[in-house]
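Q: Please take a close look at one charged side chain in this model, and at how its setting compares with that of the charged pairs elsewhere in the chain. I would like a connected account that ends with the chain as a whole.

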Amino acid sequence: MVKMILKIDGMACGMCESHVNDTIRRNFKVKKVTSSHSKGETVIIAESPLDEDALKKSIGDTGYTVLSVYTESYEKKGFFRR
């Protein structure tokens, strides 16, 4: 699993967050996606890294600009420890 953090320019409200989230869900196979207009970022959890150029294009087509993409490994945190 990977966590991708996208810095996005142009989001100004909750509706902007929804547009970005819906675009990502429609075009890519993701486990989870959340956006924050106040932070100017979108966080994606997926099985494997998504194509950055395709991400930039699909988000760009909705009127927002991807400024940067950072990918790191992601380990699901459980409620129980052993």
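A: Glu-17 sits in helix H1, which spans residues 14-27, in what is a predicted model. This glutamate is buried and yet takes part in no salt bridge. The nearest side chain of opposite charge belongs to Arg-25, at a distance of 9.9 Å, and because a salt bridge calls for a side-chain nitrogen of Lys or Arg within 4 Å of a carboxyl oxygen of Asp or Glu, that separation leaves Glu-17 without a partner. Once the neighbours within four places in sequence are set aside, the residues in contact with Glu-17 are Met-11, Ser-35, Ser-36 and His-37. Ser-35 and Ser-36 fall in strand S2, which covers residues 32-36, and both are among the contacts of the helix residue Glu-17.

Arg-25, the nearest opposite charge to Glu-17, is paired elsewhere, for its side chain meets that of Asp-22 in a salt bridge with an N to O distance of 3.5 Å. Asp-22 and Arg-25 are both in helix H1 and three residues apart, which means that about one helical turn separates them. Both members of this pair are partly exposed, Asp-22 with a relative accessibility of 38% and Arg-25 with 46%, whereas Glu-17 is buried.

In general, side chains of opposite charge can pair when their charged atoms come close. Across the whole structure the search returns four salt bridges, and one of them joins Glu-41 to Lys-7, with 2.9 Å from N to O. Since Glu-41 belongs to strand S3 (residues 41-46) and Lys-7 to strand S1 (residues 2-9), this pair ties together parts of the chain that are 34 residues apart in sequence. Glu-41 counts as buried because its relative accessibility is 16%, and so offers a useful counterpart to Glu-17, which is buried but has no salt bridge. Lys-7, on the other side of the pair, has a relative accessibility of 33% and therefore counts as partly exposed.

The residue just before strand S3 deserves a word here. Gly-40 lies in the loop between S2 and S3 and is buried, its relative accessible area being 15%. With neighbours up to four places away in sequence left out, Gly-40 is in contact with Leu-6, Lys-7, Ile-8 and Met-11. Lys-7 is thus both a contact of Gly-40 and the salt-bridge partner of Glu-41, while Met-11 appears among the contacts of Gly-40 as well as among those of Glu-17. For Gly-40 and Leu-6, a gap of 34 residues in sequence goes with a C-alpha to C-alpha distance of 8.4 Å.

A further salt bridge links Glu-47 with Lys-31, their closest N and O atoms lying 3.3 Å apart. Here both partners are in loops: Glu-47 is in the one between S3 and helix H2 (52-61), and Lys-31 in the one between H1 and strand S2 (32-36), so the pair ties together parts that are 16 residues apart in sequence. Glu-47 is partly exposed at 47% relative accessibility, and Lys-31 is exposed at 55%.

These pieces can now be placed in the chain. The secondary structure consists of two helices and four strands, and the order from the N terminus is β-α-β-β-α-β. Beyond strand S4 (65-73) comes the segment that holds Tyr-74, a residue counted as partly exposed because its relative accessible area is 26%. Apart from residues up to four places away in sequence, Tyr-74 touches Met-1, Val-2, Lys-3 and Ile-45, of which Ile-45 falls within strand S3 (residues 41-46).

Contacts between distant parts of the sequence carry through the chain: of those joining residues at least 6 apart, 65% join residues at least 24 apart. A compact globule of 82 residues would have a radius of gyration near 12 Å, and the 13 Å of this chain agrees with that value. Buried residues, of which Glu-17 is one, account for 35% of the 82 residues. As for charge overall, the chain carries 14 positive and 11 negative side chains, and the centres of these two sets are 9 Å apart.

Terms used
Residues numbered from 1 in each chain as written. Predicted model: local features only at pLDDT ≥ 70, side-chain atom pairs only at ≥ 80, totals over all residues. Heavy atoms only, no water. Rg over C-alpha atoms; globule rule 2.2 N^0.38 Å. Buried < 20%, exposed > 50% of the residue type's maximum accessible area, 1.4 Å probe, protein only. Contact = heavy atoms within 4.5 Å. Lys, Arg positive; Asp, Glu negative; His and termini not counted. Charge placed at Lys NZ, Arg CZ, Asp CG, Glu CD.
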